[in-house]
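Please go through this structure with me, starting with how far the coordinates can be trusted and then turning to some local features.

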Amino acid sequence: MQNRRQLLQALTAVLVAGAAPAGAFARVPDITRKGQLTMTRILMVATSADRMTPGTEPTGVWLEELTTPYYAFRDAGAEVTLASIKGGAIPVDQRSVNADGENDASVERYLKDDALKAEVASTPAFTSIDPAGYDALFLPGGHGTMFDYPGSDELARLVEHFDREGKIVAAVCHGPAGLVSAKKADGSPFVAGRRVAGFTDSEERAVGLDQAVPFLLETHLKELGGKHEGGPDFAPFALRDGNLVTGQNPASATRTAELVMEALKDKVA
């Protein structure tokens, strides 16, 4: 336990610094590669929805919201299991992928990473995974989440399981759509009374998809009793409320990952 605590303190120091050069994360977990520590385990569950139903507008995961936390966690020494709602290939919203050299750094890295691309192309259904032994659940966003996260009773139960076990639940951008069907032990909405961020109504209108989604995420979180907070449109904003970590938009993926690692550090402090 002492060794694990020291590792997580080192990870957090790097993450919170915020100005670490490329590759800085990779220097932290050298001792984990020697097999001296049990690695933190994080389960990431992505959308399987590739269309905005009942229409035909293509959608999927917003790639940066998967790749940024994935690499942050892996580079910091964590073990990451990538899964999806239905299993199989995770649909990638092609609006989140630009020409080579014009993407977020994590997306550029992904485009050259055959191993991760193979994982994305063939994921297990999250229902086939035993959540025991995982320290955190992370829900990346993308408009696809609005069409399959809320209707998944199994995902709601997974969120509830992590919450009641005192583990970390995290989501970014439209990822908090995976929280709206979950309940607390007393039957009230999972987000009720909790500080939460997510893609704002004004951001949804700005991208012209406010009529395409089944509900406006910010509005719905508030309807459920969530204490929604946000920053300027499309600027980084993330917050932590105990074991719940949420981020507002794609630009918030880095800070959301940082807060997850801070929360993991606090769990063993």
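The paragraphs below take up confidence, a strand pair, a helix residue and a pocket.

This is a predicted model. The average pLDDT over the chain is 88, and 86% of the residues reach at least 70. Residues 1–38 are another matter, with pLDDT below 50. That stretch still makes 48 contacts in the model beyond near neighbours in sequence. Where pLDDT is low, the predicted coordinates should not be read in detail.

Next comes the pairing of two strands. Strand β1, residues 41–46, runs parallel to β4 and is joined to β4 by six bridges. Within this pairing, Leu-43 lies opposite Thr-81 of β4. Strand β4 itself spans residues 79–84 and is mostly covered, with five of its six residues buried. In a regular strand, side chains alternate between the two faces of the sheet.

Is Glu-262, a residue with a charged side chain, buried or exposed? Glu-262 counts as buried because its relative accessibility is 18%, and the cut-off for buried is under 20%. Glu-262 belongs to helix α11, which covers residues 253–268. Its C-alpha atom is 9.4 Å from that of Arg-240, a residue 22 positions away along the chain.

The last feature is a pocket. The second largest pocket has a volume of about 210 Å³. It is lined by 13 residues, of which Trp-62, His-143, Phe-199, Val-207 and Leu-209 are the closest to its centre. Sorted by class, the lining of this pocket consists of seven nonpolar, three polar and three charged residues.

Definitions and conventions:
Residues numbered from 1 in each chain as written. Predicted model: local features only at pLDDT ≥ 70, side-chain atom pairs only at ≥ 80, totals over all residues. Heavy atoms only, no water. 1 Å grid on protein atoms, 1.4 Å probe; cavity = no way out; pocket = protein on both sides within 12 Å on 5 of 7 lines; lining within 4 Å. Points joined across faces, edges and corners; volume = space filled by probe spheres on them. Nonpolar A, V, L, I, M, F, W, Y, C, P; charged D, E, K, R; others polar. Buried < 20%, exposed > 50% of the residue type's maximum accessible area, 1.4 Å probe, protein only. Helix = DSSP H or I, 4+ residues; strand = E, 2+ residues; numbered from the N terminus. Pairing = 2+ DSSP bridges. pLDDT = per-residue confidence, 0-100. Contact = heavy atoms within 4.5 Å.
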